[in-house]
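Biologist: I am new to this structure and would like to walk through it with you. Could you show it to me first?

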Amino acid sequence: MLLAVRHSTRYQYDEPVRESVMEMWMQPQKRAHQRLISFELEIDPAAQLFSYADSFGNAVYHFDIPQPHERLTITARAAVETELPAELPEALDRGEWDRLRSDFVRGEHFDFLHPHGFARATEALHAFMAEKNLNELRVRDPLRAVRDLSQAIYQAFDYEAGVTRADSPIDEVLTARKGVCQDFAHVMIAICREWGVPARYVSGYLFTDRQAGDRSDPDATHAWVEVYLPSLRWVGFDPTNNILAGERHVVCAAGRDYSDVPPSRGVYKGEAQSELAVAVTVQKARGAVSEPEFLRISQPTTRSGQRRSQYPGLAYDQQRQQQQQQQQ
């Protein structure tokens, strides 16, 4: 499937700020079932972009705007070709639990086995697990246990934007039983790690199919979970929509939780109040010009001057792109 992604982020300030520094995790990855064809970042006001790979291998872009400005707009465009992953077996043998407990797996995936940030066990999580008898799923093999866990989370929570915030702890979604994809991913990751199954947070996009039953917002970024099973390696589960991650999912970055891989994050200098608006579109593409495959991190372009696009459908982003204030 050939997909075209456009992701626009706009920070509007009620008075000029003196400087903005930003980092972005917006470039789709190159994977076995995902090929990055093209990627472009446009910054207004224009800025010099730099890139590096973080500790998890994600492409990160950063820039500094040192002059006063009242608005900051970031527009990312990507063309990605995806394929269906190999079909999973119905089950694995029970020895998979022993393989998960091996010193190699526990050492190799240490970061994805321990609590971090939003993905951590709490009393409320343990109460939820007891209420839904989730630990009983472990009598099955790990693949079926995780598949059933994803379905249980889908059934236990309603999808509703605005119930949780960027800094909401996991207990808020557990209490409200409502939230967005980020919240459901954190719940699932915390439970998998309690079981001794390495799990990581994946951020990206979803080509939404309402006829298939998708309930996530088609105009926002998306998040799901990948778990490590020694016999299969990393397998993606989308508890928001009760599906496996497939050709409609576009992976941008993976980390321990949302705080490792937000779409964008930064600070600004000044006393102004900021307003954030985001527009995301993911569409099937008819064709695209291929970029050289040897580029590990594609080089973006910057354009000077203000673009006059109206950003249809611009709304507060439920995926919480962040910019913090520094009063200096």
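Biologist: Thanks! Which residue is the bridge partner of Phe237 in strand 12?

Modeller: Happy to help, and please keep in mind that this is a predicted model, where local features need pLDDT of at least 70, side-chain atom pairs count only at pLDDT 80 or more, and totals for chains, interfaces and linings use all residues. Residues are numbered from 1 along each chain as its sequence is written, and side-chain values use heavy atoms, with hydrogens and water left out. Strand 11 (residues 233–238) and strand 12 run antiparallel and are joined by 2 bridges; strands here are DSSP runs of E with at least two residues, helices are runs of H or I with at least four residues, and both are numbered from the N terminus. In strand 12, the partner of Phe237 is Leu244.

Biologist: Which residue stands opposite Phe237 from strand 10?

Modeller: Strand 10 (residues 222–229) pairs with strand 11 in the antiparallel sense over 5 bridges; two strands count as paired if DSSP finds at least two bridges between them. A hairpin through 3 residues joins strand 10 to strand 11. The residue opposite Phe237 is Val225.

Biologist: What is the order of the strands in the open sheet of 5 strands?

Modeller: Strands of a sheet pair through backbone hydrogen bonds, either parallel or antiparallel. In this open sheet the pairing is antiparallel. Strand 12 (243–244) and strand 13 (249–255) are the edge strands, as each pairs on one side only. The order is 12-11-10-9-13.

Biologist: Which residue takes a positive phi in the hairpin of strand 11 and strand 12?

Modeller: That hairpin has 4 residues between the strands. The residue sits in the loop between strand 11 and strand 12, and its phi is about 60 degrees although it is not a glycine. At 31% relative accessibility it counts as partly exposed (buried means under 20% relative accessible area, exposed over 50%, partly exposed in between, with a 1.4 Å probe and protein chains only). The residue is Asn242.

Biologist: What is the phi of Arg233?

Modeller: Arg233 is in strand 11. Its phi is a positive value in a residue other than glycine. The angle is near 65 degrees.

Biologist: Which residue in strand 6 stands opposite Leu3?

Modeller: Strand 6 (residues 69–82) is mostly covered, with 10 of its 14 residues buried. Strand 1 (residues 2–17) pairs with strand 6 in the antiparallel sense over 12 bridges, and strand 3 is joined to strand 6, also antiparallel, by 10 bridges. Leu36 stands opposite Val80. The residue opposite Leu3 is also Val80.

Biologist: Which residues does the cis peptide bond with omega of about 5 degrees join?

Modeller: One partner of this bond lies in the loop between strand 3 (34–44) and strand 4 (50–53), and that is Pro45. The cis bond joins Asp44 and Pro45.

Biologist: How many residues apart in sequence are the parts tied together by Arg177 and Glu131?

Modeller: The side chains of Arg177 and Glu131 meet in a salt bridge at 2.8 Å, N to O; a salt bridge is a side-chain nitrogen of Lys or Arg within 4 Å of a carboxyl oxygen of Asp or Glu. Arg177 lies in the loop between helix 5 (170–176) and strand 8 (178–179) and Glu131 in helix 3, so the pair ties together parts of the chain. Arg177 is partly exposed at 23%, and Glu131 is partly exposed at 45%. The parts are 46 residues apart in sequence.

Biologist: Is Asp141 buried or exposed?

Modeller: Asp141 forms a salt bridge with Arg144, the closest N and O atoms being 2.6 Å apart. Arg144 is partly exposed at 38% relative accessibility. Asp141, at 1%, counts as buried.

Biologist: How many salt bridges does a search of the whole structure find?

Modeller: Another pair is Asp98 and Arg101, whose side chains meet at 2.5 Å, N to O, in a salt bridge. Arg31, Arg200 and Glu226 are linked in a network of salt bridges. For the whole structure, the search finds 18.
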